[in-house]
Number of protein chains: 2
Amino acid sequence: MSHKKISIDGTGMYLPKAVSSDSIETKYGIPKGWSKRYSGVKSRHHVTDETNGLMGARAAEDALKSATVGLADIDMLISASGSFDYPIPNQASMIKHHLTDGNSYDFPAIDIDVTCLSFVAAMDMASRILDGITYSRILIVSSEIASKGLDSSNFETTTLFGDGAAAVVLSFNPDGNSTFIKGQFKNHSEGAFYSIIEGGGNVNHISEKPYNEGLYSFKMEGKKLLRQAKTIIPTFVDGFFSDIPFSLDEVDVIIPHQASRAGLEMFKRMHPTSASKIIDTLAETGNCIAASIPISLHMAIQEGKLNKGDTCLLIGTGAGLSIGALLLEY
Amino acid sequence: MSHKKISIDGTGMYLPKAVSSDSIETKYGIPKGWSKRYSGVKSRHHVTDETNGLMGARAAEDALKSATVGLADIDMLISASGSFDYPIPNQASMIKHHLTDGNSYDFPAIDIDVTCLSFVAAMDMASRILDGITYSRILIVSSEIASKGLDSSNFETTTLFGDGAAAVVLSFNPDGNSTFIKGQFKNHSEGAFYSIIEGGGNVNHISEKPYNEGLYSFKMEGKKLLRQAKTIIPTFVDGFFSDIPFSLDEVDVIIPHQASRAGLEMFKRMHPTSASKIIDTLAETGNCIAASIPISLHMAIQEGKLNKGDTCLLIGTGAGLSIGALLLEY
């Protein structure tokens, strides 16, 4: 699919109420300044009465507006997220239901979940199926609520994660200049248990395992994850650029998953000459699971950091452990 | 993508312990014979200590064996299911982790969720991305545990649903005779709340809504669903066959989602001349969410009902409400 003519026609975002690190530290008895120092997060957003569906719909409408298209122009909605409103039905149906007039349209509504990498995987999948025949325009939405699944006794996760949603309108545009150059994904399932919410699925079903905050909250084995990432990321990046006429140094804008301060710093140390091209939204929005990359993409476009003609690499890791990247010319 | 050269190289299945309707009726005080009469289910399977991941891995290994390929030949694993082991990570990572030697391979592991339609949507998506370059062979697994999310006071769901897993190996095979003719999906989100598990996501989060069986079990508004299906299915089927040189009457084998006895009977009444071509596994396995269609596909092949050269229609509805179909020449 090298250099397929795919363009990002519009992006959108919805962020709920901002919550300062100061207020979180006060609320949970975390030492003052801990969040900024260790998680790298000054502020993030937490839902009040918003749902994943509602935030996703508002972000989608923002993206449609920026693309100057309407729902009648959309051939598929993909929800690309790791969190959800209900175990059943799928989240894309809920986002569609929350779209103004969403129920009047019958385009398919499909979920793609690769946890934090869901958005990048959905972009890659969409770019492969866009053919100008069955699918000419696809709406991808990542809407995440992390704040409800955090263990308040775990300073790291409580300060790191945030809620939010972002969306893009992607189109097959043979006459345009924008291209998707390469997408690649891998999974290293020896790390399947390193990032996990143990309770709430079928293994620890709520009917058998009564609620306790630890079991039903997100846990990560930070040291094991960083160790695995240290070996996997350089190999992946080398492999990614091995068969295309590009090097990482030539990429104009790098949008990594905002996994953690340690993760972002490790990536910068691994690629020192590219450090200045990295979009870093961690301090203002935290780790928003799969929504972090599209939020950063949206902000980079809004702030003029990513411009038409620029090459852009979306890259990240996700629980599982998955790793993936997509190189495009915006 | 009409007539793309895609072949099903192998199928596999894993069913946990069979549970008779008699034993369920005794256990929950349901009148004798109720299940067979109203749900149409004589027997289904329930997990004892199996997980979604384990069942999925065993079904996948069965499919690999029948395709005479190994994990080294697989370019992507798709988990196509509505239920899961853990809210995080994604289910495909867990299935990969449970595969013998799964952790030794780094092919991507991606979830596609369109609830009961997940398998058909994954088959369609896989067929579109299979290109003989990046993706030559894709393993699709549907592994479902419905039995833990049932309200025992609801006779209909308690008797209808079963657990099980099935898998297929799909390949791009330009020299073969097998083709994927057409795939199409639609979503009618006015029905988003007709089939639902209300508790366990972010809307009714376990930290805020204590466990009770009703809130955390699958509910369906049977009458509303049947009413919606009655208008949607004929329109969808007419539309599906409107632009291809096939009619439903010409299809050799029809594999519908085993939604319910009422749903299957309605489909048969709508298409009386095709009734004898419909694969019906409901009585023996119940409704296994997304695994019902691949279980039926596997059984149809095993029992000689679907043979090479036959045309086969996979068709179903799913919570959301989604509807979709895939026509292939096996």
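How many bridges join strand 5 of chain A to strand 5 of chain B, and in which direction do the two strands run? Three bridges join them, and the strands run antiparallel. Strand 5 of chain A covers residues 109–113. Within this pairing, A:Asp111 stands opposite B:Asp113. The model is a predicted one.

Now widen the view to the whole contact between the chains. Here 60 residues of chain B touch 60 residues of chain A. On the chain B side, several elements each supply at least two residues. They are helix 4, strand 5 (109–113), helix 5 (118–129), strand 8 (179–187), strand 9 (195–197) and strand 13 (322–329). Strand 5 of chain B gives the largest share, with five residues. By class, this side of chain B has 27 nonpolar, 22 polar and eleven charged residues.

Next, look inside chain A. Its domain assignment gives domain 1 (6–174) and domain 2 (180–329). The C-alpha centres of these two domains lie 15 Å apart. Across the boundary, 46 residues of domain 1 are in contact with 40 residues of domain 2. The domain 1 side draws two or more residues from each of several elements, including strand 1 (6–14), strand 3 (43–46) and strand 6 (137–144). Helix 6 (155–160) and strand 7 (164–172) are also among them. Helix 5 of chain A provides the largest share of this side, seven residues. The domain 1 side divides into 20 nonpolar, 19 polar and seven charged residues.

Stay in chain A and turn to a pair of helices. Helix 7 (residues 222–242) packs with helix 8 (residues 261–270) at an angle of about 35 degrees. Their axes are 11 Å apart. The crossing of helix 7 and helix 8 is right-handed. From helix 7 come A:Leu226, A:Ala229, A:Lys230, A:Ile233 and A:Pro234. They meet A:Ala262, A:Gly263, A:Met266, A:Phe267 and A:Met270 in helix 8. This contact has eight nonpolar residues, one polar and one charged.

Chain B offers another helix pair. Helix 3 (residues 52–66) and helix 4 (residues 91–98) of chain B cross at roughly 60 degrees, and their axes come within 8 Å. This crossing, too, is right-handed. Among the helix 3 residues in the contact are B:Asn52, B:Gly53 and B:Ala60. Helix 4 contributes B:Gln91, B:Met94, B:Ile95, B:His97 and B:His98. By class, the contact has five nonpolar, six polar and no charged residues. Helix 4 of chain B also appears at the chain boundary, where it supplies at least two residues of the side that touches chain A.

Methods. Residues are numbered from 1 along each chain as its sequence is written. Chains are lettered from A and ligands numbered from 1 in the order in which they are written. This is a predicted model: local features need pLDDT of at least 70, side-chain atom pairs count only at pLDDT 80 or more; totals for chains, interfaces and linings use all residues. Axes are lines fitted to C-alpha atoms, for helices over the stretch in contact, and angles run from 0 to 180 degrees between N-to-C directions. Helices (H or I, at least four residues) and strands (E, at least two) are DSSP runs, numbered from the N terminus. A crossing is left-handed if the near helix is turned anticlockwise from the far one by less than a right angle, and right-handed if clockwise. Two residues are in contact if their C-beta atoms, placed from the backbone, lie within 7 Å. Ala, Val, Leu, Ile, Met, Phe, Trp, Tyr, Cys and Pro count as nonpolar, Asp, Glu, Lys and Arg as charged, and the others, Gly among them, as polar. Domain bounds come from an automatic or database domain assignment. Two strands pair if DSSP finds at least two bridges between them.
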